[in-house]
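The report that follows describes how the helices of one chain are arranged around each other and which polar contacts accompany that arrangement.

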Amino acid sequence: MPHPRTRRKSLRALAKLPDEALATHALAIVGKLKDSNEGVRQAAMKALAKLPAEAFAANAPAIVGMLEDSNSGVRHAAVKTPAKLPDDAFADHAEAIVGMLEGEQESQFSATDDYKLDVKLLLTEALRRRRGA
């Protein structure tokens with residue numbers, strides 16, 4: 001397997017592709033969300049954020065799943081990424097996002113108040129867009 005730095009650089013290069021070309025690599029990028037290196041997972045999140053809306057929405061479950069990552073930097077990248085989903089696709093995952101902040105999984109997210117604030121802002125923005133305000 002290539003060095004993590006090489007994997008990160010490859011993902012950054014993919015993120016610079018035009019929309020249609022990037023979309024053809026979406027599954028490979030999603031696969032990097034399981035990489036053992038947190039920097040690679042962060043680079044994958046950033047590349048996925050640049051996908052065209054349809055390809056992005058098709059991969060939303062994997063993207064939202066990264067809110068449970070063991071690395072706070074990956075979770076932080078994951079918080080910002082779902083905001084790029086179309087409203088209807090975001091609404092499908094908003095409940096999961098809230099659930100990750102409460103109940104059984106709260107201990108993973110109690111490390112930083114900034115992270116919780118980012119999630120609250122994200123959810124507030126989604127609700128505002130949904131209501132057309």
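## Helix packing and polar contacts

In this predicted model, helix α7 spans residues 72–80, and Val74, Arg75, Ala77, Ala78 and Val79 are its buried residues. The chain to which α7 belongs has 10 helices and 0 strands, and buried residues make up 39% of its 133 residues. Among the contacts with a separation of 6 or more, 62% join residues that lie 24 or more positions apart.

**The enclosed helix α4**

Helix α4 is largely enclosed by the rest of the structure, because 8 of its 11 residues are buried. These buried residues are Gly39, Val40, Arg41, Ala43, Ala44, Met45, Ala47 and Leu48, and what covers them includes α1, α2, α3, α5, α6 and α7.

Two of the covering helices can be described through their packing against α4. Helix α1 (residues 4–15) and helix α4 (residues 38–48) pack at an angle of about 5°, with their axes 9 Å apart, and the two are therefore roughly parallel to each other. On the α1 side the contact is made by Pro4, Arg7, Arg8, Leu11 and Ala15, while Gly39, Val40, Ala43, Ala44 and Ala47 make it on the α4 side. By class, the residues of this contact divide into 7 nonpolar, 1 polar and 2 charged.

Helices α4 and α7 likewise pack at an angle of about 5°, with their axes 9 Å apart, which makes α4 roughly parallel to α7. Here Glu38, Arg41, Gln42 and Met45 in α4 meet Gly73, Val74, Ala77 and Ala78 in α7, and this contact has 4 nonpolar, 2 polar and 2 charged residues.

**The nonpolar core**

In soluble globular proteins, nonpolar side chains tend to be buried together. The largest nonpolar core of this chain has 26 residues, of which Leu11, Ile29, Leu33, Met45, Leu48, Leu51 and Met66 touch the most other members. Two or more residues each come from α1, α3, α4, α5, α6 and α7, and α4 gives the most, with 6 residues. Which residues does isoleucine 29 contact, leaving aside its neighbours within four places in sequence? Its partners are Leu11, Leu14, Leu22, Ala44, Ala47 and Leu48.

**Polar contacts of the loops**

Aspartate 35 is placed in the loop between α3 and α4, and aspartate 69 in the loop between α6 and α7. Is aspartate 35 buried or exposed? With a relative accessible area of 8%, aspartate 35 is buried, and aspartate 69 is also buried, with a relative accessible area of 10%.

Although aspartate 35 and arginine 7 are 28 residues apart in sequence, their C-alpha atoms are 9.5 Å apart in space, and their side chains make a polar contact at 2.8 Å. Not counting residues up to four places away in sequence, aspartate 35 touches Arg7, Val40 and Arg41, and aspartate 69, counted in that way, touches Arg41, Val74 and Arg75.

Asparagine 71 lies in the loop between α6 and α7, where the side chain of aspartate 69 reaches the backbone nitrogen of this asparagine. Asparagine 71 in turn caps the N-terminal end of α7, through a side-chain oxygen and the backbone nitrogen of glycine 73. Beyond residues up to four places away in sequence, asparagine 71 touches Glu38, Arg41 and Gln42. The N-terminal end of α4 is capped by asparagine 37, a side-chain oxygen of which lies 2.8 Å from the backbone nitrogen of glycine 39.

The polar contacts of these loop and cap residues are listed together below.

| Side chain of | Partner | Distance |
|---|---|---|
| Aspartate 35 | Side chain of arginine 7 | 2.8 Å |
| Asparagine 37 | Backbone nitrogen of glycine 39 | 2.8 Å |
| Aspartate 69 | Backbone nitrogen of asparagine 71 | 2.8 Å |
| Asparagine 71 | Backbone nitrogen of glycine 73 | 2.8 Å |

Technical notes
Residues are numbered from 1 along each chain as its sequence is written. This is a predicted model: local features need pLDDT of at least 70, side-chain atom pairs count only at pLDDT 80 or more; totals for chains, interfaces and linings use all residues. Side-chain values use heavy atoms; hydrogens and water are left out. Axes are lines fitted to C-alpha atoms, for helices over the stretch in contact, and angles run from 0 to 180 degrees between N-to-C directions. Helices (H or I, at least four residues) and strands (E, at least two) are DSSP runs, numbered from the N terminus. Angles under 35 degrees count as roughly parallel, over 145 as roughly antiparallel, 65 to 115 as roughly perpendicular and the rest as oblique. Contact means heavy atoms within 4.5 Å. Ala, Val, Leu, Ile, Met, Phe, Trp, Tyr, Cys and Pro count as nonpolar, Asp, Glu, Lys and Arg as charged, and the others, Gly among them, as polar. Buried means under 20% relative accessible area, exposed over 50%, partly exposed in between (1.4 Å probe, protein chains only). A polar contact is a pair of N or O atoms within 3.5 Å; within protein, one must be able to donate a hydrogen and the other to accept it, and residues adjacent in sequence count only if both atoms are side-chain atoms. A nonpolar core is a set of buried Ala, Val, Leu, Ile, Met, Phe, Trp, Tyr and Cys residues joined through side-chain atoms within 4.5 Å.
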